[in-house]
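Here are a few short exercises to work through with the model open. Try each one yourself before reading the solution.

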Amino acid sequence: MGITFEGLGFYVPSDVLTNFDLERMVDTSDEWITTRTGIKERRIARTESLIDMAEKASRRALEDAKVEPDQIDAIVLATITPHLGFPASACLLQTRLGCKDAFAFDISAACSGFLYGLEVARGIISSGSAKRVLLVGVEKLSEMVNWQDRSTCVLFGDGAGAVVVSSEGEGEILSSLMRSDGETWEILYAERCGYINMKGRELFKLAVRSMEEVCQEVLSRAGLTVNDIDLVIPHQANIRILEALAEKLGIGMEKVYSNIHKYGNTSAASIPIAMAEAYQEGRLRRGNVVLMTAMGGGLTWGATLIKF
Ligand code: ACO
């Protein structure tokens, strides 16, 4: 189906927390974090709210798309760290942006939130209830991290990514597949207002296996092979997960976009941040065949193959 990414934008807070800063907070080392995860630093929203970050990323996406706020028909916002219990963060964003004609709501699918959101945006557009959707992935994970738990606090960061999608233009969703398995929820979860709990080793193996399966399936459904892919934009969870996935798929790491060294794991924000940054750098170009994949709490996972 025709879905064009008309504009992309991202925002990360200016406050940088390096591995060396973490060495002073918990029993860890830059060497351990770098070799086990690929992360060197992450951004922390000390002064910005979730809505501030979402607004900045969205304004950049609207500007890139050359679209006015009142041309947005729906706002879909993916997050596991909403600003309030209710209403939805998407509604708070709507009023900030002045998207007065939009309907707005949040979705919760953890690190897969952006890909699930794209699936929802596509549904809204194909049903005819909206022509143009603002899709945002935004997280303030620093508020959900136990800064005394070295097994999780080194992994996560804050940030926002946003895209404007519509049915006008040359872009396409070639195929997509979303999956969930609630049986495995205890591998990665947080209680209401609680900290992130994670069984890292189990998650690592499941992440590689599950993402490989859905990537192979979307390629097969589209009648394409890995040789047709110009760029892979995966959820930025751990560089070793990305390397293992690339090896299983038979794709060289030069085709896998990663900015995890700068931002860590930003959950639902990670793919739209990576997309927007890759686009700015000229790594993501119009007409490219791009494979996106993610896995996160739920467990949820999925893959989406697009012509950008
Ligand atoms: N610094 C130093 N040592 C540490 C740290 C740390 N920050 N954290 C754990 N360790 C120790 C452990 O205590 C353990 O010590 P022990 O052997 O004495 O018991 C040792 O390091 C090895 O721990 P493991 O958990 O086995 O290390 P592993 O190589 O699996 O790496 C990691 C841990 C990085 C969490 C990895 O399992 C991982 O990335 N898993 C996926 C997690 C993830 O990505 N979660 C995000 C959400 S889901 C998603 O996005 C896919």
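**Exercise 1.** Work out whether Asn265 is buried or exposed in this predicted model.

*Solution.* Start with the relative accessible area of Asn265, which is 7%. The cut-off for buried is under 20%, so Asn265 counts as buried. Next, place it in the chain: Asn265 sits in the loop between helix H9 (260-263) and helix H10 (270-280). Then look at who touches it. Leaving out residues up to four places away in sequence, the contacts of Asn265 include Ile39, Cys111, Leu141, Leu155 and Phe156.

**Exercise 2.** Find which side chain makes a polar contact of 3.3 Å with that of Asn265, then follow both to the ligand.

*Solution.* The partner is His235. From Asn265, a polar side-chain atom lies 3.2 Å from an oxygen atom of the ligand. From His235, a side-chain N or O atom is 2.9 Å from an oxygen atom of the ligand. Now add Arg150: one of its backbone N or O atoms lies 2.9 Å from a ligand nitrogen. As for cover, the ligand taken alone exposes 1,000 Å², and the protein buries 77% of that.

**Exercise 3.** Describe the shell around the ligand by class, helix and domain.

*Solution.* Sort by class to begin with: 11 residues are nonpolar, seven polar and five charged. Then go by element: H7 gives the largest share, four residues. Finally, check the domains: domain 1 (4-166) and domain 2 (172-307) each supply at least three residues.

Terms used:
Residues numbered from 1 in each chain as written. Predicted model: local features only at pLDDT ≥ 70, side-chain atom pairs only at ≥ 80, totals over all residues. Heavy atoms only, no water. Polar contact = N/O pair within 3.5 Å; in protein donor to acceptor, adjacent residues only side chain to side chain. Areas by Shrake-Rupley, 256 points an atom, 1.4 Å probe, with all protein chains shown as cover. Helix = DSSP H or I, 4+ residues; strand = E, 2+ residues; numbered from the N terminus. Nonpolar A, V, L, I, M, F, W, Y, C, P; charged D, E, K, R; others polar. Domains from an automatic or database assignment. Buried < 20%, exposed > 50% of the residue type's maximum accessible area, 1.4 Å probe, protein only. Contact = heavy atoms within 4.5 Å.
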